[in-house]
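Good morning, everyone. Please take a look at the screen, and I will walk you through the chain.

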Amino acid sequence: MVKLRHLLPTLTLFSILFATCALAQNSLTTIQDTVTTANGTPFNGTLIVTWNGFTAPSGGTIAPHSTSVAIYNGVLSILLVPTTTASAGAYYLATYNSNDGLTTWNETWEVPPSITPLTLNQVRVPQAGGSSGNSGGSGSITLPIAITDVTNLSSTLSSLSSSISTLTTQVNSLTAPPVFIDGETPGGAINGSNKSFTLANSPSPATSLDLYRNGLVQSVGVDYTISGNTITFLLVATPQPGDLLQAFYRAAGIGQTASFSDNEAPAGTPNGFNTTFTLSFAPNPALSLRLYKNGLLLRQGTDYLLAGATITFASAPQATDLIVAYYRH
């Protein structure tokens with residue numbers, strides 16, 4: 001009995017030392033802080049902490065797992081195994097989810113051993129750009145996300161909008177109706193020697209130009225050449241005094257949408273007496289009307305008058321005359 005009483009102090013000391021060693025082998029670090037949202041209000045929701053498997057400082061194996069804690073009025077308190085003294089690559093992924101479902105963000109934690117509670121700033125791993133948020137947990141993402149919350153998003157969207165606008169303009173230029181030039185008199189002296197004449201615009205394409213001399217269509221390469229907006233007649237086709245030149249062509253730009261009537265025979269009886277004929281539509285513009293009699297382009301205002309869809313000839317067409325009309329409306 002006496003021996004037992006002598007052994008009790010020794011047994012008690014061994015018990016204390018054993019408990020201390022066991023606590024050291026399973027020591028946990030406390031993380032305590034106040035979590036706030038981006039606008040500074042206390043966060044209410046759930047924190048989910050997830051980790052991959054690693055070897056604890058004590059040598060024990062920590063299996064992959066996760067744990068969650070409720071955060072009310074911003075108060076956070078959680079116990080975790082230290083990772084900074086654990087096996088390489090050990091860390092925690094902390095995910096915050098607000099109760100209303102509108103706010104969520106992630107943080108990476110590296111927890112050092114500590115006998116005193118640590119704050120979030122002491123365990124957070126700084127994100128790209130060097131920001132790790134404040135000790136209260138701001139740096140959260142509040143939904144919906146504003147454009148200004150995303151780095152360079154505003155300038156990127158502005159650049160994208162400009163690119164879309166340019167592309168839209170290019171597409172419209174391909175699909176939009178062209179500009180039509182009707183019955184233009186080329187600039188230049190008609191004196192029997194001048195062979196160079198100028199149009200107000202460059203035909204686009206150049207092959208869209210229909211050039212008439214006294215109602216007869218001229219042939220490019222045979223009667224004239226075209227370069228930009230300059231017409232150069234060949235020597236044998238040099239315009240003479242009294243000649244009438246007329247040009248019909250398309251030019252660069254966006255014109256008005258139009259419908260076309262081609263090779264239409266105006267309603268009316270060519271009998272040598274009747275001078276009034278009617279088109280199916282009123283030409284729009286009026287100068288778009290190209291009226292041919294026996295293949296010769298007639299002059300509007302001289303050979304005939306146009307009022308709406310009604311054509312009045314200065315001289316009644318004969319029964320054998322062939323009259324056809326081309327126009328926009």
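How many helices and strands does the secondary structure of the chain come to? Two helices and 23 strands. Keep in mind that this is a predicted model.

Let's start with confidence. The mean pLDDT of the chain is 85. Of its residues, 83% reach 70 or more. Two stretches need care. Over residues 1–24, pLDDT stays under 50. The model gives residues 1–24 zero contacts beyond four places in sequence. Over residues 130–139, the pLDDT is below 50 too. Here the model does have contacts beyond near neighbours in sequence: 28 of them. How should we treat such places? Where pLDDT is low, we should not read the predicted coordinates in detail.

Now the chain as a whole. There are 329 residues, and 29% of them are buried. The accessible surface comes to about 19,000 Å². Carbon and sulfur atoms account for 58% of that surface. Next, contacts. Take those in the chain with a separation of 6 or more. Of these, 67% are between residues 24 or more positions apart.

On to the charged pairs. Side chains of opposite charge can pair when their charged atoms come close. How many salt bridges does the structure hold? Five. I'll show you three of them.

Begin with Arg124 and Glu107. Their side chains meet in a salt bridge, at 2.7 Å from N to O. The partners are 17 residues apart, and the pair links distant parts of the chain. Glu107 is in strand S8. Arg124 is in the loop between strand S8 (103–109) and strand S9 (141–142). Is Arg124 buried or exposed? Arg124 has a relative accessible area of 8%, and the cut-off for buried is under 20%, so Arg124 is buried. Glu107 is buried as well, with a relative accessible area of 6%.

Next, Asp210 and Arg290. The closest N and O atoms of this salt bridge are 2.8 Å apart. In sequence, the two residues are 80 residues apart. Asp210 is in strand S12 (residues 210–213), and Arg290 is in strand S19 (residues 290–293). With a relative accessible area of 27%, Asp210 is partly exposed.

Then there is Asp243 with Arg213. This salt bridge is 2.8 Å, N to O. Arg213 is in strand S12. Asp243 is in the loop between strand S15 (230–233) and strand S16 (245–251). They are 30 residues apart. Both Asp243 and Arg213 are buried.

Let's move to the end of the strand list. Arg328 is found in strand S23, residues 323–328. Its relative accessible area is 9%, so Arg328 counts as buried. Which residue's side chain makes a polar contact of 2.8 Å with the side chain of Arg328? That is Asp182. Arg328 has further contacts beyond four places in sequence, including Phe180, Phe260, Pro283 and Ser288.

Ser288 deserves a stop of its own. Along the sequence, Ser288 and Arg328 are 40 residues apart. In space, their C-alpha atoms are 5.9 Å apart. Ser288 is in the loop between strand S18 (276–278) and S19. At 5% relative accessibility, Ser288 is buried. Its side chain reaches the backbone oxygen of Pro285 at 2.6 Å. Farther along the sequence, Ser288 touches several residues, among them Asp182, Tyr326 and Tyr327. So Asp182 comes up twice, because both Arg328 and Ser288 have it in their contacts, by the cut-off of heavy atoms within 4.5 Å.

Another serine now. Ser202 lies in the loop between strand S11 (196–198) and S12. At 37% relative accessibility, Ser202 is partly exposed. The side chain of Ser202 reaches the backbone nitrogen of Asn229 at 3.3 Å. Beyond four places in sequence, Ser202 also touches Gly228, Arg250 and Ala251. Thr230 is 28 residues away along the chain, with 7.8 Å between the C-alpha atoms.

Last stop, the surface. Which residues form a nonpolar patch there? Leu157, Leu160 and Ile164. Together they have about 260 Å² of accessible area. Leu157 is in helix H2, residues 153–175. Its relative accessibility is 37%, so Leu157 counts as partly exposed.

That's my tour. Thank you for listening.

Terms used
Residues are numbered from 1 along each chain as its sequence is written. Side-chain values use heavy atoms; hydrogens and water are left out. Patches are made of residues with over 30% relative accessible area and no salt bridge: like charges are joined within 9 Å, nonpolar side chains (Val, Leu, Ile, Met, Phe, Trp, Tyr) within 5 Å. Accessible areas come from the Shrake-Rupley method with a 1.4 Å probe; for residues, only the protein chains shown count as cover. A salt bridge is a side-chain nitrogen of Lys or Arg within 4 Å of a carboxyl oxygen of Asp or Glu. Helices (H or I, at least four residues) and strands (E, at least two) are DSSP runs, numbered from the N terminus. Buried means under 20% relative accessible area, exposed over 50%, partly exposed in between (1.4 Å probe, protein chains only). A polar contact is a pair of N or O atoms within 3.5 Å; within protein, one must be able to donate a hydrogen and the other to accept it, and residues adjacent in sequence count only if both atoms are side-chain atoms. pLDDT is the predictor's confidence in each residue, from 0 to 100.
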